Structure formats: C-alpha cells, structure tokens
Amino acid sequence: LSANAPLAYQFPQSSDLRAFLGNETVILNYFVSVDGIYLWLIDHTGLKVDHFVAIPQEVLREQINTLRKQVYSKKDLDFSNSARQLYELLIKPVEQSIHRKALVIIPHQELHFLPFEILLKNQDTFLIADHEISYLPSLQIIQHLNRKRGNGYQSFLGIGNPDNSLSWAEDEIEAIAGRKEFSQRTVLTNE
C-alpha cells in the first residue's frame, strides 16, 4: 500500500474501488499502533493520502474515553473541546483531500468506539453536517460487497407497526418492498 504501511496489506483493485465508491465517496482507513495512527485516504482511483499521526495509543484511548463520557453523561454537556481535539488528530491531516460528500470510515482498535459524526470541525460544525458517514469493518470487504451488490436481493421480508403506533411505517415498508430488485416480497403489518 505505502512505505508507511504497518502490515502487508491486500489492497482492492481499482475496478472494485470504482464500483463501490463511485465519484462521490472517499474512504478513511485507520490503523492504530502503540506509537501512532496510520491514516490512508482512498477514492475511486486508489490511494490519495498516506499519513501518520504520532500519538501514543494510551493517549488516544484516553481522549476517546473522555469524549464518550462527556457525550453520555447527563452532567457534562460540553464535549466541544474533546470533539475538536479528535477532529484535529483524525480528520484535519487529510481534510484538504476530502472533496467528496460521503465518507466511509474504516476504524481500528479504539476508533471503533468513537462516534466520528460528532467530531467538530470548528466551533459549531460537526463532521456529519458536511458529510454522509458510513462504516466498514475492513478494506478487504469491498470486493465481497461488490459481488453481493451485483447479484441483487432476491427476497424481502418487511415486518412493522403491529399496533398502529408508528405513523408512516406501513408506507415505508411498502415503498421498500416495491423496489424492483426484490423478486419475492412478504410484508407483515398491523396483523
């Protein structure tokens, strides 16, 4: 993958990346080591940015734990400093290369416990305000997902709104069931 790669890495083919990402998505792939974070920004053409952030793993873990405690605490509602610090570490180094709307985050180690959506770019702009965010467990899964996507779905089972308490739930399930990729449909609502 790169001179900074900590492992022998199986990198997806460019054709797999193009099929999965399209033109509007980039991947931020992270690897946490004891002395820092390796960060790779990948788009539909391949590797764009290869960066290393020097931070001891224990310090990163503590910063993430602090942010999580602040977010989930009912007493400490101001998590902006923690969210901004983590943005500076994890997003800022590649910020100039993120020209796409959608981000696919591939976290590693402690980063699995970090809600990237709440990282603060500035005083009042969360990462989620500028980008659609999704997650993948690994870079290698892209080839498998492309194969599954190409085959399409064959059947759909929709279950919802058994007591009529969810307005629009039946309409949503019917809309999903009506998609052309489903050759078999079963919808169970209000039954």
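In the predicted model, helix H2 (residues 57-72) packs with helix H3 (residues 80-90) at an angle of about 145 degrees, the two axes lying 9 Å apart. This crossing of H2 and H3 is left-handed. On the H2 side, the residues that meet H3 are Leu60, Gln63, Ile64, Thr66, Leu67 and Gln70. Their partners in H3 are Ser82, Ala83, Gln85, Leu86 and Leu89. Sorted by class, the contact of H2 with H3 comprises 6 nonpolar and 5 polar residues, with no charged residues. In an α-helix there are 3.6 residues a turn, so residues three or four places apart point the same way.

The buried residues of H3 are Ser80, Ser82, Ala83, Leu86, Tyr87, Leu89 and Leu90. These buried residues of H3 pack not against H2 alone, but against S1, S2, S3, H2, S5 and helix H4 (127-130). Ser82, Ala83, Leu86 and Leu89 are thus listed both among the residues that meet H2 and among the buried residues of H3.

The surroundings of H3 belong to a wider architecture. The chain contains 6 helices and 9 strands, and 40% of its 191 residues count as buried. Among contacts in the chain with a separation of 6 or more, 61% are between residues 24 or more positions apart.

The largest nonpolar core holds 32 residues, of which Leu28, Tyr30, Leu90, Ile91, Phe116 and Leu119 touch the most other members. Two or more residues are given to this core by each of strand S1 (25-33), S2, S3, H2, H3 and S4. The most come from H3, which gives 5 residues. With neighbours within four places in sequence set aside, Leu28 is in contact with Leu39, Trp40, Leu41, Ile91, Val94, Ile98, Leu103, Val104, Ile105 and Ile106. Apart from the largest core lies another, of 13 residues, including Leu21, Ile27, Trp40 and Ile142.

Aromatic side chains were examined next. A search of the whole structure finds 6 aromatic pairs. In one of them, the rings of Tyr38 and Trp40 have centres 6.2 Å apart and planes at 15 degrees, so this pair is stacked. Both Tyr38 and Trp40 are buried. The rings of Tyr38 and Phe52, by contrast, have centres 4.8 Å apart and planes at 55 degrees, so this pair is tilted. The pair formed by Tyr38 and Phe52 links distant parts of the chain, with Tyr38 in strand S2 (residues 36-43) and Phe52 in strand S3 (residues 46-54), 14 residues apart. As for their exposure, Tyr38 has a relative accessible area of 15% and is therefore buried. Phe52 has a relative accessible area of 30% and is therefore partly exposed. Ring pairs link Phe31, Tyr38, Trp40 and Phe52 into a cluster.

A backbone feature was also identified in a loop. Gln109 has a positive phi of about 50 degrees, although Gln109 is not a glycine. This residue lies in the loop between strand S4 (102-106) and strand S5 (120-122). With a relative accessible area of 40%, Gln109 is partly exposed.

Definitions and conventions. Residues are numbered from 1 along each chain as its sequence is written. This is a predicted model: local features need pLDDT of at least 70, side-chain atom pairs count only at pLDDT 80 or more; totals for chains, interfaces and linings use all residues. Side-chain values use heavy atoms; hydrogens and water are left out. Axes are lines fitted to C-alpha atoms, for helices over the stretch in contact, and angles run from 0 to 180 degrees between N-to-C directions. Helices (H or I, at least four residues) and strands (E, at least two) are DSSP runs, numbered from the N terminus. A crossing is left-handed if the near helix is turned anticlockwise from the far one by less than a right angle, and right-handed if clockwise. Contact means heavy atoms within 4.5 Å. Ala, Val, Leu, Ile, Met, Phe, Trp, Tyr, Cys and Pro count as nonpolar, Asp, Glu, Lys and Arg as charged, and the others, Gly among them, as polar. Rings of Phe, Tyr and Trp (its six-membered ring) pair if their centres lie within 6.5 Å; planes under 30 degrees apart count as stacked, over 60 as edge-to-face and the rest as tilted. Buried means under 20% relative accessible area, exposed over 50%, partly exposed in between (1.4 Å probe, protein chains only). A nonpolar core is a set of buried Ala, Val, Leu, Ile, Met, Phe, Trp, Tyr and Cys residues joined through side-chain atoms within 4.5 Å.
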